Amino acid sequence: MALNDLATLVVGNGNYLTAPVGTAMPDNLLVPTSPWQTVGHTSLEDVFGITSEGGEATTIGTLQNKSLRTKYSARTETMTVTLQQFDTAGLKLYFGANAPLLPDGSVGVPADPVPTQCAFLAIFVDGENHFAFYAPKAEIYRQDDLSIADTESLAGLPIGVKPMVYGSNVWTYAVTPLGGLAATGATAGTPGSFTPSGASVPANLAALASVTANPSSAWTAGKYVQLGDGSNAFWNGTAWATGKAA
């Protein structure tokens with residue numbers, strides 16, 4: 001494996017979002033749009049984790065070779081996040097989707113809780129790099145007991161996100177690699193797209209300097225590409241400019 005400095009990660013900030021089951025991962029991870037919604041404030045100390053159960057190895061052999069093959073049992077993984085927003089939506093993620101809203105406005109804790117089913121997205125930003133975990137279907141419920149340790153720290157609700165198989169997928173969640181292909185071309189559209197397939201979205205207007213426009217003539221009215229910082233850009237025939245073609 002070659003050294004790739006761009007594939008290292010130091011999390012500067014991030015966000016966790018949910019959407020209806022089956023919602024596709026946003027084209028622009030830095031500017032996710034509806035129906036994706038943030039879960040709210042989360043812990044700065046306990047940012048993210050993945051725990052797993054199962055995956056035990058069993059060695060299978062023959063009389064001639066006692067360690068011929070290794071078979072692994074199914075593995076169940078849980079992403080862990082500490083939610084620090086004690087509103088109704090946050091409490092229902094922790095206590096159960098069927099937690100009732102009582103007449104006085106409080107949230108009842110159900111005797112037979114039901115996890116929240118949704119699509120889940122975790123996005124981490126490191127300067128111009130960004131990294132994500134995406135599950136088209138997941139169950140969210142309390143991961144650990146609630147404990148308020150002192151009067152100086154923000155209290156938290158430890159929640160677990162269990163990715164599940166969606167439809168005919170053979171995978172439960174996807175991870176976006178860092179240090180991927182740099183975009184070399186941009187095709188006009190509403191919005192347009194970058195080439196080659198799988199290329200990283202340029203972070204800002206300056207990052208378009210080495211990107212070739214398609215077509216090379218001035219883009220027609222309304223055409224643009226969306227950049228990593230959420231801004232738009234278009235080719236005016238001689239240079240990249242901010243906004244959409246007029």
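In this predicted model, G14 of the chain stands opposite F124, a residue of β7, and that pair belongs to the ladder in which β1 and β7 run antiparallel, joined by seven bridges. On the other partner of β7 to be considered here, β7 and β8 are paired in the antiparallel sense over ten bridges, with F133 in β8 serving as the bridge partner of A122. The two strands β7 and β8 form a hairpin with two residues between them, and in its turn G127 adopts a positive phi of about 60 degrees. How much of β7 is buried? Nine of its eleven residues are, so β7 is largely enclosed by the rest of the structure.

The surroundings of β7 lead to the largest nonpolar core, which has 25 residues and in which Y16, F120, F133 and I140 touch the most other members. Two or more residues of this core come from each of β6 (75–83), α1 (88–95), β7 (116–126), β8 (129–142) and β9 (157–163), and β8 gives the most, with five residues. The contacts of Y16 illustrate how this core is assembled from separate parts of the sequence: leaving aside neighbours within four places, Y16 is in contact with residues that include Q37, T38, V39, V47 and F48, as well as V81, F120, L121, A122 and F124.

The helix α1 also takes part in this arrangement, since its residues G90, L91, L93, Y94 and F95 are buried. The cover over the buried residues of α1 includes β6, β7, β8 and β9. Just after α1, G96 takes a positive phi of about 130 degrees. Most residues other than glycine have a negative phi, and most peptide bonds are trans.

Two cis peptide bonds can be examined against that background. One joins S34 and P35, with omega at about 15 degrees, and P35 is placed in the loop between β1 (13–19) and β2 (37–38). Another joins T195 and P196, with omega at about 0 degrees, and P196 is placed in the loop between β12 and β13.

The loop that holds P196 connects two strands of an open sheet, in which three strands are arranged in the order β12-β11-β13 with mixed pairing. The edge strands of this sheet are β12 (193–195) and β13 (212–214), each of which pairs on one side only. From one strand to the next, the twist averages 25 degrees. Strand β11 (residues 185–187) and β13 run parallel and are joined by three bridges, and within this pair of strands A186 stands opposite A213 of β13.

Further along the chain, β14, β15 and β16 can be followed through two hairpins. Strand β14 (residues 225–226) runs antiparallel to β15, to which two bridges join it, and the bridge partner of Q226 is N232 in β15. Five residues lie between the strands of this hairpin of β14 and β15, where G230 takes a positive phi near 90 degrees. β15 then pairs with strand β16 (residues 240–242) in the antiparallel sense over three bridges, and here W235 has W240 in β16 as its bridge partner. The hairpin of β15 and β16 has four residues between the strands, and in this hairpin G237 takes a positive phi near 105 degrees.

Which residues of β15 point one way, and which the other? N232 and F234 point one way from strand β15 (residues 232–235), A233 and W235 point the other way, and all are buried. In a regular strand the side chains alternate between the two faces of the sheet.

A look at the chain as a whole completes the picture. The chain contains one helix and 16 strands, and 33% of its 246 residues count as buried. Its radius of gyration is 23 Å, whereas a compact globule of 246 residues would have a value near 18 Å. Along the principal axes, the C-alpha trace spans about 70 × 65 × 35 Å. Among contacts between residues at least 6 apart in sequence, 56% join residues at least 24 apart. The accessible surface of the chain comes to about 14,500 Å², and carbon and sulfur atoms account for 54% of that surface.

Note on methods:
Residues numbered from 1 in each chain as written. Predicted model: local features only at pLDDT ≥ 70, side-chain atom pairs only at ≥ 80, totals over all residues. Heavy atoms only, no water. Pairing = 2+ DSSP bridges. Axes fitted to C-alpha atoms, helices over the stretch in contact; angles between N-to-C directions. Core = buried A, V, L, I, M, F, W, Y, C linked by side-chain atoms within 4.5 Å. Buried < 20%, exposed > 50% of the residue type's maximum accessible area, 1.4 Å probe, protein only. Contact = heavy atoms within 4.5 Å. Rg over C-alpha atoms; globule rule 2.2 N^0.38 Å. Areas by Shrake-Rupley, 256 points an atom, 1.4 Å probe, with all protein chains shown as cover.
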